[in-house]
Amino acid sequence: MSLITRTLRLPRTVHSPAWRSSISATKVFPLSPRLSTGVCAPMEGFPAPRLLSTLIAHTQRPTWRTGLLPGRLVAAVPGLNSSAAFTTQATAPSTAESTGSHQSHSQSQGPSSEPPSRKAVGYWLLASAASVFGIVVWGGVTRLTESGLSIVEWNLIRGMKPPRTEAEWQEEFEKYKQFPEYKKLNQDMTLEEFKFIFFMEWGHRIWGRLIGATFLLPAAFFHYKGWLTSPVKKRVWFIAGLICFQGVLGWYMVKSGLDHALMDTPGAVPRVSPYRLAAHLGSAFLIYTGMVYTGLGVFRENNLARPGRLTQFGNLVNSPVLNRLRHSAHGLTMLVFFTAISGAFVAGLDAGLLYDTFPLMGDRLIPPKDELWDPRFSGKDMTSPQGSSSQVVTSNSGMWKNIFENPTTVQFNHRMLGVTTFTATTLIYLYARRLPLPRSVRITLNTLMSLAVLQVTLGISTLLCSVPTELAASHQAGSLSLLTATLTLMHLLKRVPK
Ligand code: HEM
């Protein structure tokens with residue numbers, strides 16, 4: 001992080017207008033086997049519990065407005081008119097299903113003769129993803145309570161033991177007192193207050209170690225037992241590598257906030273580099289994505305291993321009519337990902353404390369150009385935005401830094417990306433309503449749309465209320481939920497191999 005960015009960092013507690021001005025220089029698939037038979041089949045591609053399926057079944061409307069279904073869609077989807085075929089295929093028990101044979105899998109999968117990964121692997125991956133979800137939210141709360149810089153050392157083994165005696169606590173507190181955060185912001189902090197921020201950060205680190213252990217050990221076990229297919233094996237070890245990298249990245253991020261040079265920079269507030277924060281969050285999102293997508297893939301492999309099980313689903317999903325929706329789901333996932341990363345820059349710069357109005361920023365929809373594209377953020381030889389340096393502007397190169405270091409621009413970009421994500425979700429949702437879709441895809445689309453509404457509402461509320469911890473943490477959780485929905489959609493729309 002450049003010196004200028006640090007100079008810009010402001011205490012979260014400052015809200016005055018003066019401070020701001022100084023900165024501102026269903027439709028349901030009609031032929032569902034469950035509807036025609038009353039039997040509760042699992043959702044395609046999912047290990048849906050029976051009870052959940054039953055509940056979902058009761059919310060379904062048995063017909064769609066055929067008037068909205070273009071004739072070419074019916075023609076393009078083989079078997080769409082054959083409700084009898086659907087019913088029989090979906091409910092007829094297969095020999096392979098009852099014997100557990102993998103032979104059928106090789107038939108349905110074409111050239112691959114590998115048996116699918118065990119279902120246990122799928123459950124383990126999804127449980128690991130849930131744990132990553134939890135640690136991301138905990139990490140957000142750690143940042144929001146300004147606890148992240150409380151532990152000034154990193155040791156994989158020794159770091160697991162928190163101080164126990166009063167003397168040990170005092171020793172830990174003394175270490176913290178040597179660093180800029182205490183010296184600049186927390187001189188009046190008591191030992192009790194220190195214990196709170198210590199436990200927040202310690203909990204985050206312990207949870208990280210737990211994720212590492214509960215991923216690496218079972219991964220080795222499943223590998224040894226031969227329970228992973230080759231592609232799943234590659235992904236699992238790639239995720240394992242990412243988890244180790246995440247630990248190192250976490251410490252690299254914390255180190256940026258412990259830099260003693262912050263003491264020599266007038267007006268600088270000790271915080272971690274927003275670049276490193278965004279990298280840490282981005283890497284967590286990647287790990288989560290890998291776990292969810294691979295986990296869902298394992299259940300799909302198993303479902304494909306049962307002949308006839310996915311025939312009607314495959315007929316619908318493989319239809320070229322869904323190509324546009326398939327591509328849109330990929331695009332939307334990328335958009336959610338980038339919006340989330342841009343959110344990390346908002347969080348890293350405390351840019352959510354600036355312009356706490358929506359949709360206007362100040363009295364305009366778009367802030368003035370010279371504020372968004374401020375030359376003072378562009379390089380070392382600029383006059384500091386706080387006016388602490390008397391140097392004159394000599395170069396316009398490096399103006400791109402405004403995108404990552406200028407709080408006004410960072411907030412503006414995040415708003416734009418957030419609104420674009422919301423608009424894209426709405427358009428995809430409206431478009432998909434006209435398509436012949438399996439029930440599980442429809443449910444996912446409804447969930448996706450609801451989550452997008454919730455996420456934007458949380459984002460706006462976080463802004464209007466000047467970033468309270470509860471709302472900001474919920475907003476962070478919302479971004480992972482939204483990502484889960486787009487990943488599920490992508491997964492469900494994957495072509496079924498013939
Ligand atoms: C639907 C798309 C959106 C996604 C995926 C998203 C995601 C995120 C993420 C991941 C963060 C980082 C949280 C952290 O690290 O603690 C964040 C922060 C933030 N977002 Fe969004 N966001 C979206 C829309 C919006 C909208 C529309 C607004 C308001 C206009 C908004 C306002 C904020 C604010 C103020 C923060 C900073 C919170 C803090 O300091 O902790 N977001 N967003």
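## Exercises on a predicted helical model

E146 sits in the loop that joins α9 to α10 (166-177), and the exercises below start from this residue in what is a predicted model.

**Exercise 1. Determine whether E146 is buried or exposed, or something in between, and describe its backbone.**

Solution. Begin with the position: E146 comes just after α9, in the loop between α9 and α10. Next, count neighbours: 18 other C-beta atoms lie within 10 Å of E146, and since burial would require 20 or more, E146 is classed as partly exposed. Finally, turn to the backbone, where phi of E146 is near 55 degrees, a positive value in a residue that is not glycine. As background, most residues other than glycine have a negative phi.

**Exercise 2. Carry out the corresponding analysis for V467 and C465 in the loop between α20 and α21.**

Solution. Take V467 first: its phi is near 55 degrees, which is positive although the residue is not glycine. V467 has 20 C-beta neighbours inside 10 Å and therefore counts as buried, the threshold being 20 or more. C465 lies in the loop between α20 and α21, and with 13 C-beta neighbours inside 10 Å it counts as partly exposed. To place C465 in the fold, note that its C-alpha atom is separated by 9.0 Å from that of L353, a residue 112 positions away along the chain.

**Exercise 3. Compare the spans of helices α9 and α14 with the expectation of 1.5 Å a residue, and state how far α14 is enclosed.**

Solution. For α9, the 26 residues reach 38 Å from the first C-alpha to the last, close to the expected 38 Å. For α14 (residues 274-304), the 31 residues should span 45 Å, and the end C-alpha atoms are 44 Å apart, which agrees. On enclosure, 25 of the 31 residues of α14 are buried, so this helix is largely enclosed by the rest of the structure.

**Exercise 4. Set the "transmembrane region" annotation from UniProt against the secondary structure of the model.**

Solution. The annotation, taken from an unreviewed UniProt entry, covers several spans, among them residues 121-141 and 274-299. Over residues 121-141 the chain is 100% helix and 0% strand, with end C-alpha atoms 30 Å apart. Residues 274-299 are likewise 100% helix and 0% strand, and their end C-alpha atoms lie 38 Å apart. For the protein as a whole, the secondary structure comes to 21 helices and zero strands.

**Exercise 5. Which residues does A329 contact, leaving aside its neighbours within four places in sequence?**

Solution. First locate the residue: A329 belongs to helix α16. Its 26 C-beta neighbours inside 10 Å make it count as buried. With neighbours within four places in sequence set aside, A329 is in contact with T486, L489, M490 and L493. For L489, the C-alpha separation from A329 is 6.5 Å, although the two residues are 160 residues apart along the chain.

**Exercise 6. Describe the shell around the ligand by nearest residues, by element and by class.**

Solution. There are 32 residues around the ligand, of which G343, A347, G352, G418 and G459 come nearest. The elements giving two or more residues to this shell are α9 (119-144), α16 (323-348), α19 (407-432), α20 (439-464) and α21 (469-492). Sorted by class, the shell has 17 nonpolar, 13 polar and two charged residues.

**Exercise 7. Identify the peptide bond geometry between F358 and P359.**

Solution. The bond from F358 to P359 is cis, with omega near 0 degrees. P359 is placed in the loop between α16 and α17 (369-372). As background, most peptide bonds are trans.

**Exercise 8. Where does the pLDDT fall below 50, and how should those parts be read?**

Solution. Start from the overall figures: the protein averages a pLDDT of 80, and 73% of the residues score at least 70. Over residues 1-111, however, pLDDT stays under 50, and the model has 177 contacts beyond four places in sequence for this stretch. Over residues 386-394 the pLDDT is also below 50, and that stretch has 14 contacts beyond near neighbours in sequence. Where pLDDT is low, the predicted coordinates should not be read in detail.

Terms used
Residues numbered from 1 in each chain as written. Predicted model: local features only at pLDDT ≥ 70, side-chain atom pairs only at ≥ 80, totals over all residues. Near = placed C-beta within 6 Å. Helix = DSSP H or I, 4+ residues; strand = E, 2+ residues; numbered from the N terminus. Nonpolar A, V, L, I, M, F, W, Y, C, P; charged D, E, K, R; others polar. Expected span 1.5 Å × (residues − 1). UniProt positions renumbered as here; feature names shortened; annotations may be inferred. pLDDT = per-residue confidence, 0-100. Contact = placed C-beta atoms within 7 Å. Buried ≥ 20, exposed ≤ 12 C-beta atoms within 10 Å, placed from the backbone.
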